[in-house]
Amino acid sequence: MRNVLDPNHLAAAVVYSALGIAVFAAAFVATDKLTPADLWRELIEKQNRALATVVGAVAVAVGLIISAAISG
């Protein structure tokens with residue numbers, strides 16, 4: 001059984017986590033640019049709950065795609 005605290009495994013986990021967060025942030029920025037409205041204004045000022053649900057679903061979907069791509 002491999003040691004969980006092996007430096008190689010720990011470094012790989014940190015690198016993959018940073019890569020996943022970077023890809024997630026880029027996907028969220030792309031989603032913000034592709035939508036016709038200003039997301040921040042719609043979510044915060046107008047409190048558009050339907051848009052918040054859609055943005056949350058997109059965030060979950062992108063997260064699932066990234067996790068599947070990283071884990072193989």
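## Residue I21 in helix α1

I21 has its place in helix α1. The structure discussed in this report is a predicted model. Is I21 buried or exposed? With a relative accessible area of 59%, I21 is exposed, because the limit for that class is over 50%. The C-alpha atom of I21 lies 8.9 Å from that of G63, although 42 residues along the chain set the two apart.

## Overall architecture

The secondary structure of the chain consists of three helices and zero strands. In sequence order, the pattern is therefore written α-α-α. The radius of gyration of the chain is 16 Å, whereas the globule rule gives 11 Å for 72 residues. Since the value for the chain is well over the value from the rule, the chain is more spread out than a compact globule.

The dimensions of the model can also be given as a box. Taken along the principal axes, the box filled by the C-alpha atoms is roughly 55 × 20 × 20 Å.

## Surface and charge

Of the 72 residues in the chain, 10% are buried. The chain exposes about 5,800 Å², and 69% of this area is supplied by carbon and sulfur atoms.

How many positive and negative side chains does the chain have? There are 5 positive and 5 negative side chains. The centres of these two sets lie 4 Å apart.

## Helix α3 and its partners

Helix α3 covers residues 49-71, which amounts to 23 residues. At 1.5 Å a residue, a helix of this length should span 33 Å. The end C-alpha atoms of α3 are 33 Å apart, so the model agrees with the expected span.

Which residues of α3 are buried? L51, V55, V62 and I66 are buried in this helix. The buried residues of α3 pack against two other helices, α1 (7-34) and α2 (39-45).

## Residue I70

I70 is also found in helix α3. Its relative accessible area is 31%; this value falls between the 20% and 50% limits, and I70 is therefore partly exposed. Leaving aside neighbours within four places in sequence, I70 is in contact with Y16 and G20.

A further relation links I70 to L19. These two residues are 51 residues apart along the chain, and their C-alpha atoms are separated by 9.0 Å.

## Residues L51 and E42

L51, found in helix α3, is one of the buried residues of that helix. If residues up to four places away in sequence are not counted, L51 touches L39, E42 and L43. The C-alpha atoms of L51 and A37 are separated by 10 Å, and 14 residues along the chain lie between these positions as their sequence separation.

E42 has its place in helix α2. Is E42 buried or exposed? E42 has a relative accessible area of 15%, and because buried means under 20%, this residue is buried. Beyond its neighbours within four places in sequence, E42 is in contact with A37, Q47, N48 and L51. The contact between E42 and L51 thus appears in the description of each residue.

## Residue Q47 in the loop

Q47, one of the contacts of E42, has its place in the loop between α2 and α3. At 57% relative accessibility, Q47 lies over the 50% limit and so counts as exposed.

The backbone of Q47 also deserves attention. Q47 has a positive phi of about 50° although it is not a glycine. Most residues other than glycine have a negative phi.

Note on methods:
Residues numbered from 1 in each chain as written. Predicted model: local features only at pLDDT ≥ 70, side-chain atom pairs only at ≥ 80, totals over all residues. Heavy atoms only, no water. Helix = DSSP H or I, 4+ residues; strand = E, 2+ residues; numbered from the N terminus. Rg over C-alpha atoms; globule rule 2.2 N^0.38 Å. Buried < 20%, exposed > 50% of the residue type's maximum accessible area, 1.4 Å probe, protein only. Areas by Shrake-Rupley, 256 points an atom, 1.4 Å probe, with all protein chains shown as cover. Lys, Arg positive; Asp, Glu negative; His and termini not counted. Charge placed at Lys NZ, Arg CZ, Asp CG, Glu CD. Expected span 1.5 Å × (residues − 1). Contact = heavy atoms within 4.5 Å.
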